[in-house]
Amino acid sequence: MKDKKKIIFNSLTYIFLIGFTLISLYPIINVFTISIRPGDKLLSTSLAIIPENASFDAYAALFSDKPFLLWMWNSFLVSAVVTLTGVALASTAGYALSRFEFIGKKLSMLGILTTQMFPATMLLLPMYIMLIKLELINSYFGLIIVYSATALPFCVWQMKGFYDTIPFSLEESARIDGCNRWQAFYKIIFPLAAPALVITALFSFMTAWSEYIVAAQVIQDTNLYTLPLGLKSFESRLGTEWGLYAAASLIVSIPVVTLFIFLSKWLVSGLTLGSVKG
Amino acid sequence: MNFNRIRIAFLLFFLSLLSTNCSEQNNKDEILIWHTMRPEETAILQEQLDEFMSENPGVTVTQVFQETEKMRSDFIVASIGGYGPDLVYGPADQIGPFSEIDVLRPMNDLFNSQYLSNFDSKALIYVNGHLLQIADKLGNHLTLVYNKKLVPTPPKSSGELIDIGKKLTIDQNNDGRIDQYGLVWNYTEPYFFIPFLTGFGGWVLDSANFPTLNTPEMVNALRFIQDLRDKYKIIPNEADYEVSDALFKEGKAAMIINGDWSWSGYGAAGIDYGISPLPMIDATGKYCSPTVAPKGYSINKNVSPDKIYLIKKLLEKIFEPANQIKTALATKTLPTRKEVFADSAVINDPILINSKKQIDLGTALPIITEMRAIWNAMRPVYQAALSGNISPEKAAAEMQKNTLKNIKDLRESYDDPVGGLIVQILLIAIVVVSIFMLRRSISAFFSNLKKDGLAYIFALPALIVMVAVIFYPFAYNIVISFSNMNLSHMKDWSIVGFVQYVNVFREPQFYSIFLKTIVWTTINVTFHVVIGVSLALLLNKNLPGSKIFRVLLILPWAIPQYIVALTWRGMFNYEYGAINLLISNFLFMSPVEWLKSPMEAFVAVIITNIWLGFPFMMIIALGGLQSIPQELYEAADIDGAKWFHKLKNITIPLIRPVMLPAITLGVIWTFNSINVVWLVSNAGEPSDKTHILVSYVYKAAFNFYRYGFAAAFSMVIFLILLAFGVTFLRKTRATESVY
């Protein structure tokens with residue numbers, strides 16, 4: 001009786017998952033079709049997944065005619081630093097906001113949120129003036145600071161939320177065992193927050209990996225181009241090289257997926273009720 | 001984890017960053033060009049630049065592609081700030097705003113009249129006697145492109161166009177769906193409608209640059225387009241640029257109206273195509289006359305005198321006849337030097353020759369900034385007329401009315417020294433009062449510094465990074481929102497008080513768009529969270545194969561938004577889109593006109609955005625579920641709890657702290673997210689009915705240069721969200737700890 005119920009429940013789960021996976025994949029399969037369709041057509045009147053005269057020329061052209069690997073490396077460099085900065089600053093700030101009572105705490109919490117509230121399009125112009133004045137044009141440093149500031153509000157809040165679910169008693173017992181506050185944080189709590197760190201890392205990485213608008217203002221030197229800037233150069237009003245664009249879009253998502261697979265390992269927490277008692 | 005290794009990695013990264021910082025602006029051997037060229041044009045420009053650099057050792061010329069709108073605003077801002085690229089390349093209509101704001105260096109002194117006499121007079125753009133742009137390409141004009149296999153001789157008149165069109169619009173298998181159209185083009189866009197307006201004898205401006213949209217000619221032209229679709233049935237019901245392009249490239253359309261930028265693509269797609277001037281309208285005896293615009297180079301006002309000779313040399317290089325011939329033959333655009341027109345290679349190119357014929361019949365696109373006001377006023381009304389929501393007569397009157405309002409907005413000029421003074425005093429007072437009120441907190445802060453030391457060490461770095469980036473832009477916007485900064489007061493703006501705020505609330509559309517934004521945000525975030533959490537719960541059961549599903553389900557998040565959003569737009573196409581085929585073939589319902597009616601278009605945008613956003617919530621929920629100790633479920637099982645009791649009493653309360661930040665920020669981001677709306681609805685189509693608040697601000701700021709108004713509008717959005725944030729946090733107690 002119970003087994004039968006379980007089988008039905010599991011089958012329903014699979015049906016739901018498969019349904020959503022198909023919905024997720026279909027538009028992406030369309031992008032793949034564009035990438036192998038000759039003639040730079042975004043749309044087609046046919047729904048065939050493999051178009052007539054399909055070819056992988058666009059993929060070959062990306063690597064032979066365009067400095068695609070250079071863009072990829074540049075983007076990787078920027079994204080990696082933003083990820084490290086995001087994880088380092090958000091894990092500590094989130095901890096302070098979760099565990100300490102200090103003056104300005106509530107103001108900071110709200111303040112962090114308010115940075116996301118003003119329409120970004122209007123912040124861009126003065127930000128551009130600021131970056132020019134600080135001579136941060138054509139420097140990854142400027143880009144990284146802006147990206148970190150973009151990613152941090154979510155990361156800090158998200159870390160704070162996760163720390164909130166970890167019982168205080170863990171640190172208390174660590175303190176009794178002779179750890180100071182810093183040690184209690186980084187030996188006990190930090191490793192337990194692994195799932196939240198994974199999300200912080202992924203989010204920071206994505207913020208930097210796919211950002212175009214700020215990059216277009218900061219980076220003027222083609223040798224420093226990041227991926228989104230490279231991708232945009234295939235595009236023009238009413239004349240985009242759709243084959244290249246689609247191929248590049250698919251390749252661009254591979255590192256994100258790889259990173260996710262790699263980080264998934266830590267998306268499982270070791271937190272159990274038992275650890276509180278121990 | 002090995003912290004030493006992480007520390008070393010950190011150090012290495014920061015070192016590598018220092019070495020990439022090579023910003024040396026204003027180097028006199030370096031020239032920077034911003035342009036809006038197509039990829040194939042860019043390739044030829046790069047060849048010419050390489051040649052120039054090898055002839056001039058030590059000189060570096062860099063070309064950077066920019067989006068048209070972004071280039072305009074960035075160039076204005078950079079140039080006012082004393083920076084910017086040395087050369088800026090684009091269509092002549094950008095000279096309008098550039099010259100008004102005075103960011104270009106006239107070239108009269110650089111090139112003598114003998115040199116300039118080599119150019120077609122259309123290629124030299126003068127404003128008040130200043131030579132501000134020299135074009136290297138003429139055109140940007142629409143012509144009739146025909147598939148030679150289907151159309152042996154192109155139509156010369158509107159009657160012939162309709163006859164050929166009727167003959168070639170065919171339903172081959174009699175299934176009620178047209179398999180081949182006589183004519184396709186992006187006819188819902190006013191720019192693509194202008195040739196018919198001119199063909200019927202109308203034009204958008206009179207000789208004094210006053211708009212002339214409410215005319216019988218406009219009404220006739222509107223009716224003609226409607227007839228092509230409804231009476232003669234030779235054009236598709238729904239056709240945007242990409243659909244038309246695809247139909248012609250697949251040989252499923254006999255003729256297309258498109259510009260010089262598109263032709264080489266048709267050849268590449270294997271279509272044997274010909275170019276012909278647009279037909280004559282029988283009723284008037286006038287030829288359809290498309291707009292013609294030169295494209296060329298202008299010099300930034302900030303270029304230093306010791307660099308100008310080099311820039312002159314570069315321009316002369318680019319304008320060399322041999323280079324112009326090469327560019328013309330490769331990109332099928334017309335050159336600007338007179339002697340090149342006589343070159344046999346150009347004369348013998350049938351495409352270029354017919355293109356030249358069309359240009360001679362064309363109308364020069366005025367370079368005044370008011371053109372913006374006209375396009376923006378025309379688009380929504382024009383589309384409403386096409387969809388039959390208003391009569392052509394009413395549409396013409398409405399266009400005129402809206403254009404006049406737009407021009408008034410564009411030229412708004414406020415001067416209110418009293419209001420300005422009040423605001424200045426108020427701003428200072430707010431700062432003083434807040435310092436006074438916070439003085440106790442501030443002194444407490446310093447006395448508690450030691451006690452709370454670790455907390456500050458932990459919290460401050462992140463706070464400092466955020467404040468450093470946001471503070472100046474934010475403060476700047478607050479000040480600007482009280483000012484009259486716009487096209488006429490770009491450099492000499494002054495504080496004028498609350499005028500712009502009053503304007504925001506007076507904007508008749510504000511309230512309906514606000515309501516729509518709330519609907520948009522609520523539906524999106526609800527679906528993101530429900531779908532995301534449900535999937536996470538199912539994945540968390542760790543059934544066999546879960547890991548594969550987990551990876552596949554994040555794909556919508558991982559892929560660049562731009563192309564999938566446009567793919568979704570294609571999927572919503574009435575005739576060829578996957579969604580309508582699904583609806584009609586499997587659900588046996590009649591297909592939906594997704595992109596033509598406001599309600600359906602809004603639904604389409606929301607569906608796309610839900611698709612893009614659920615993986616993010618799913619990942620957050622997956623992370624949140626990990627913090628729930630398994631023992632709690634085991635204990636519940638022993639008590640015999642049902643699954644929804646476990647969901648209600650264990651899962652939801654325990655993932656709440658992790659989900660709340662994501663939901664709060666999800667609301668804020670969705671409220672302010674512009675990309676998907678812009679891409680799927682093609683900038684607010686139909687008829688500007690799919691806008692949300694931010695896309696409205698975007699239009700005000702970037703189309704009309706109304707920076708003061710846009711800043712005030714943004715402040716209103718900010719205050720709305722702030723009110724939401726404070727209430728939401730208080731209600732959910734998200735700032736407080738759980739334990």
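Guide: Two strands count as paired if DSSP finds at least two bridges between them. The model here is predicted, and that rule can be tried on a hairpin in chain B, where strand 5 and strand 6 have two residues between them.

Visitor: How do you know that strand 5 (residues 124-127) of chain B and strand 6 (residues 130-139) of chain B pair?

Guide: The rule asks for at least two bridges, and four bridges join these antiparallel strands, so they count as a pair. One place to look is B:V127, which stands opposite B:H130 of strand 6 of chain B. Between the two strands, B:N128 takes a positive phi near 50°.

Visitor: What makes strand 8 of chain B and strand 9 (residues 253-259) of chain B a pair?

Guide: They share three bridges and run in the parallel sense, and because the rule needs at least two, they pair as well. For B:V184, the bridge partner in strand 9 of chain B is B:I256.

Visitor: Why are strand 8 (181-184) and strand 10 (273-276) of chain B called edge strands?

Guide: The open sheet has four strands in the order 8-9-7-10, with mixed pairing. Strand 8 and strand 10 of chain B each pair on one side only, and that is what the name records. From one strand to the next, the twist averages 20°. Helix 15 (residues 350-360) of chain B packs on this sheet, touching strand 7 (142-147) and strand 10 of chain B, and its direction makes about 25° with that of strand 10 of chain B.

Visitor: Why is the pair B:K301 and B:D102 called a salt bridge?

Guide: The closest N and O atoms of B:K301 and B:D102 are 2.7 Å apart, and the cut-off is 4 Å, so the pair qualifies. Along the chain the two residues are 199 residues apart, B:K301 lying in the loop between strand 13 (291-300) and helix 11 (305-318) of chain B, and B:D102 in the loop between helix 4 (95-101) and strand 4 (104-105) of chain B. Over all chains the count by this rule is 37 salt bridges.

Visitor: How do you know that A:K41 forms a salt bridge with B:E250?

Guide: Their closest N and O atoms are 3.3 Å apart, which is within 4 Å, and therefore the rule accepts them. Two salt bridges are found across the interface of chain B and chain A.

Visitor: What makes the side of chain B that touches chain A largely nonpolar?

Guide: By class, that side has 102 nonpolar, 25 polar and 13 charged residues. The whole contact takes 140 residues from chain B and 136 residues from chain A. About 12,900 Å² is buried between the chains, with carbon and sulfur atoms giving 77% of this area.

Notes
Residues numbered from 1 in each chain as written. Chains lettered and ligands numbered in written order. Predicted model: local features only at pLDDT ≥ 70, side-chain atom pairs only at ≥ 80, totals over all residues. Heavy atoms only, no water. Contact = heavy atoms within 4.5 Å. Buried area = accessible area lost by both parts, 1.4 Å probe. Salt bridge = Lys/Arg side-chain N within 4 Å of Asp/Glu carboxyl O. Nonpolar A, V, L, I, M, F, W, Y, C, P; charged D, E, K, R; others polar. Axes fitted to C-alpha atoms, helices over the stretch in contact; angles between N-to-C directions.
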